[in-house]
Amino acid sequence: MTMAPETPALIDPFARAISYLRVSVTDRCDFRCTYCMAEHMTFLPKADLLTLEELDRLCSAFVRMGVEKLRVTGGEPLVRRGIMTFFRAMSRHLGTGALRELTLTTNGSQLTRHAEELAECGVRRVNVSLDTLDPDKFARVTRWGRLPQVLDGIRAARAAGLRVKINTVALRGFNEDELFRLVDWCGSEGHDLTFIEVMPMGEMGEDLRLDQYWSLEDLRTRLSERFSLIELADRTGGPARYVRLAQTGQRIGFITPLSHNFCESCNRVRLTCTGELFMCLGQEDRADLRAPLRRSSEDAVLEEAIRAAVSRKPRGHDFDYSRRAVSGQMSRHMSHTGG
Ligand code: SAM
Ligand code: SF4
């Protein structure tokens with residue numbers, strides 16, 4: 001049973017209740033995926049990062065205000081030193097019933113070390129990003145990653161009782177030829193699978209990623225050449241839409257922030273590792289929550305700042321890849337906002 005929040009719920013100007021917080025706990029990563037980071041990144045000074053205690057205080061304020069789902073992300077969340085202390089701290093909100101789900105998005109590289117403890121903390125599902133099953137291509141797209149390490153991590157997660165969802169960025173000319181291989185592998189391993197359209201974020205160079213853009217509409221059409229797709233009504237309040245493959249029973253998700261607009265049902269906000277709150281992934285507006293957090297130990301001050309931020313949540317984003325031109329692109333990195 002879900003407990004009623006102690007303080008009034010967070011409702012934005014478009015009457016959407018904010019029940020989902022994604023929190024980036026670090027901007028660092030042990031991979032350098034080509035669509036996410038430059039090879040030589042300058043990371044934030046440590047002093048700018050929220051401490052684990054500050055992250056706890058801030059996330060706990062959101063939970064008091066009605067956040068029921070917390071997704072930990074990054075950068076790579078599992079490379080943050082002491083991150084298990086944070087998961088342990090958040091698990092107390094699962095214990096009270098205030099939080100319904102504690103989860104993370106990871107590149108999988110550190111799962112062999114942490115899967116069991118994550119399960120002990122009440123994590124039930126993890127999203128693991130994996131764009132290819134070919135070791136050479138994996139090394140190319142992640143630059144620093146190695147496929148066997150990630151596959152071991154996924155196995156460790158399953159052994160610890162965690163459900164695994166694979167997130168695959170659809171990349172033209174890169175993993176088009178692996179569509180069925182990925183679907184078959186997820187089917188045989190029992191993982192859910194979601195495809196993501198590449199988004200115009202970070203350092204993009206001249207082409208603004210247009211050459212990497214593989215529309216999920218096209219991906220779906222190709223999928224339907226081999227499978228009958230049953231449209232599912234499942235909604236998470238987010239950008240994902242789901243189908244079931246009639247022949248195998250698998251659920252496949254599509255995250256299409258560019259070709260479809262999903263903003264009307266948006267229930268989420270994103271906290272960066274420096275304490276900035278982004279009310280929309282596709283807009284630059286943000287609110288600094290680190291200043292009120294550090295200025296006062298009064299939770300009322302923090303709650304007031306959170307409420308003021310949510311009152312500025314925009315209706316939606318302005319990404320647009322139509323007419324083969326990009327507008328509304330963002331200069332910040334996905335690893336900063338936490339994808
Ligand atoms: N390091 C973790 C991981 O890779 O899962 C968590 C952070 S990562 C920024 C979160 C997700 O964002 C990953 O699934 C990644 O593939 C995705 N991502 C990164 N850059 C992207 C981009 N430009 N367009 C679409 N998805 C992107
Ligand atoms: Fe790291 Fe994830 Fe970005 Fe890849 S997508 S560089 S694993 S943060």
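# Ligand shells and helix crossings

Tutor: In this predicted model, ligand 2 is surrounded by C29, F31, R32, C33, C36, M37, G75 and N107.

Student: How do you know which residues belong around ligand 2?

Tutor: A residue is counted if one of its heavy atoms lies within 4 Å of the molecule, and the residues that surround ligand 2 are C29, F31, R32, C33, C36, M37, G75 and N107.

Student: What makes up the shell around ligand 2 by class?

Tutor: The shell has five nonpolar, two polar and one charged residues. Because Cys, Met and Phe count as nonpolar, Arg as charged, and Gly as polar, the residues C29, F31, C33, C36 and M37 fall under nonpolar, R32 is charged, and G75 is polar, as is N107.

Student: Which residues are closest to ligand 1, and how many surround it?

Tutor: Ligand 1 has 18 residues around it, the closest being Y35, G75, E76, S129 and M199. By class, seven are nonpolar, eight are polar and three are charged.

Student: How do you know that Y35 makes a polar contact with ligand 1?

Tutor: The term applies to a pair of N or O atoms within 3.5 Å. A backbone N or O atom of Y35 is 3.1 Å from a nitrogen atom of ligand 1, and a backbone N or O atom of G75 is likewise 3.1 Å from a nitrogen atom of this ligand. For T106, a backbone N or O atom lies 3.2 Å from an oxygen atom of ligand 1. These distances are within 3.5 Å, so each pair qualifies as a polar contact.

Student: How much of the accessible area of ligand 1 does the protein cover, and which elements give two or more residues to its shell?

Tutor: Of the 540 Å² of accessible area that ligand 1 has on its own, the protein covers 95%. The elements that contribute two or more residues to the shell are strand 3 (101–106) and strand 6 (192–197).

Student: How do you know what to call the arrangement of helix 3 and helix 5?

Tutor: The axes of helix 3 (residues 111–120) and helix 5 (residues 147–159) come within 8 Å and cross at roughly 15°. Angles under 35 degrees count as roughly parallel, so helix 3 is roughly parallel to helix 5. Their crossing is right-handed.

Student: What makes helix 6 and helix 7 fall under another term, given their angle?

Tutor: Helix 6 (residues 179–189) packs against helix 7 (residues 216–224) at about 70°, with the axes 11 Å apart. Since 65 to 115 degrees counts as roughly perpendicular, helix 6 is roughly perpendicular to helix 7.

Technical notes:
Residues numbered from 1 in each chain as written. Chains lettered and ligands numbered in written order. Predicted model: local features only at pLDDT ≥ 70, side-chain atom pairs only at ≥ 80, totals over all residues. Heavy atoms only, no water. Polar contact = N/O pair within 3.5 Å; in protein donor to acceptor, adjacent residues only side chain to side chain. Areas by Shrake-Rupley, 256 points an atom, 1.4 Å probe, with all protein chains shown as cover. Helix = DSSP H or I, 4+ residues; strand = E, 2+ residues; numbered from the N terminus. Axes fitted to C-alpha atoms, helices over the stretch in contact; angles between N-to-C directions. Parallel < 35°, antiparallel > 145°, perpendicular 65-115°, else oblique. Left-handed = near helix turned anticlockwise from the far one by under 90°.
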